[in-house]
Amino acid sequence: MPRMAGRTFSLSVNGERVRVSAEPDEPLLWVLRDQLQLTGTKFGCGQGQCGACKVLIDGQPLWSCQVPVESVAGSSEIVTIEGLGQPGNLSPVQAAFARHTAFGCGFCTPSMIVEATALLRDNPRPTRAEIVAAMNGHLCRCAAYPNIIAAIRSVADSDREDEAR
Ligand code: FES
Ligand code: FES
């Protein structure tokens with residue numbers, strides 16, 4: 001159950017400025033899910049262990065279960081899975097995950113895509129080892145790891161094909 005609101009904070013989420021009411025130490029995860037209905041970001045462990053809650057904060061994939069809302073109020077740019085693409089307008093990474101069926105139940109998928117998006121932005125041609133290292137902090141109970149890696153590699157490979165044209 002959400003806690004009673006304490007203070008008002010101004011956040012930038014998916015390119016829009018929003019105001020939320022929360023205790024300063026309320027994890028960003030709950031503000032996103034309970035107040036902004038951005039439920040693509042998941043609660044797994046609440047301890048920074050499973051990676052299910054990752055969002056981009058100023059471009060960095062971070063655990064929203066560990067980030068107090070106060071610390072990202074003001075100028076921080078928060079991007080959730082909903083900000084990366086929408087049905088009918090998927091991002092390249094989202095489309096690749098769909099193409100490769102890189103999921104089972106889909107619970108871990110939003111944060112996997114958030115992480116992979118940041119990886120490919122910073123390193124458009126990651127090796128398999130680099131992909132594994134980047135995705136290492138994400139648990140997938142469905143063990144969809146081979147398809148996840150294949151999806152990420154396909155985005156990197158399509159960049160190569162674009163260059164060859
Ligand atoms: S819910 Fe944040 S890391 Fe597991
Ligand atoms: S797809 Fe089910 S937990 Fe990863």
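Which residue follows α1 with a positive phi? Before selecting anything, keep in mind that the model on the screen is predicted. The residue to select is Q37, which comes after α1 and has a positive phi, near 55°.

**Helix α1**

With Q37 still marked, extend the selection back over residues 28–35, which form helix α1, a mostly covered element in which six of the eight residues are buried. Colour L28, L29, W30, V31, L32 and R33 to see the buried residues of α1, and then add residues 16–22, because strand β2 is included in what covers them.

**The two domains**

Now step back and colour the protein chain by domain, with residues 7–83 as domain 1 and residues 92–164 as domain 2. The centres of these two domains, taken over C-alpha atoms, are separated by 22 Å. Where they touch, domain 1 contributes 14 residues and domain 2 contributes 11 residues. On the side of domain 1 that touches domain 2, at least two residues come from each of β3 (54–57) and β4 (60–63), and β3 gives the most, with three residues. Coloured by type, the residues on that side of domain 1 comprise seven nonpolar, five polar and two charged.

**Two loop residues with positive phi**

Stay with β3 and β4 and select D58, which is placed in the loop between these two strands. The phi of D58 is positive, about 50°, although D58 is not a glycine. Most residues other than glycine have a negative phi. Is D58 buried or exposed? D58 counts as exposed because it has 12 C-beta neighbours inside 10 Å, and a residue with 12 or fewer falls in that class.

For another residue of this kind, go to A143, in the loop between α5 (128–135) and α6 (145–164). A143, also not a glycine, has a positive phi near 55°. A143 has 10 C-beta neighbours inside 10 Å and therefore counts as exposed.

**M112 in helix α4**

Next select residues 109–122, helix α4, and pick out M112 within that helix. Why does M112 count as buried? The reason is that M112 has 28 C-beta neighbours inside 10 Å, where 20 or more are needed for a residue to be called buried. Leaving aside residues up to four places away in sequence, the residues that M112 touches are M135, H138 and I148. If you draw a distance from M112 to E70, C-alpha to C-alpha, you will find 25 Å in space between these residues, which are 42 residues apart in sequence.

**Where α3 meets α4**

Keep α4 displayed and add helix α3, residues 92–99, whose axis comes within 9 Å of the axis of α4 and crosses that axis at roughly 125°. The two helices are therefore oblique to each other, and the crossing in which α3 passes α4 is right-handed. To look at the contact itself, show the side chains of V93, Q94 and F97 in α3 together with those of T109, I113, A116, T117 and L120 in α4, since these are the residues that meet. Sorted by type, the residues of this contact are five nonpolar, three polar and no charged.

Conventions: Residues are numbered from 1 along each chain as its sequence is written. Chains are lettered from A and ligands numbered from 1 in the order in which they are written. This is a predicted model: local features need pLDDT of at least 70, side-chain atom pairs count only at pLDDT 80 or more; totals for chains, interfaces and linings use all residues. Domain bounds come from an automatic or database domain assignment. Two residues are in contact if their C-beta atoms, placed from the backbone, lie within 7 Å. Helices (H or I, at least four residues) and strands (E, at least two) are DSSP runs, numbered from the N terminus. Ala, Val, Leu, Ile, Met, Phe, Trp, Tyr, Cys and Pro count as nonpolar, Asp, Glu, Lys and Arg as charged, and the others, Gly among them, as polar. Axes are lines fitted to C-alpha atoms, for helices over the stretch in contact, and angles run from 0 to 180 degrees between N-to-C directions. Angles under 35 degrees count as roughly parallel, over 145 as roughly antiparallel, 65 to 115 as roughly perpendicular and the rest as oblique. A crossing is left-handed if the near helix is turned anticlockwise from the far one by less than a right angle, and right-handed if clockwise.
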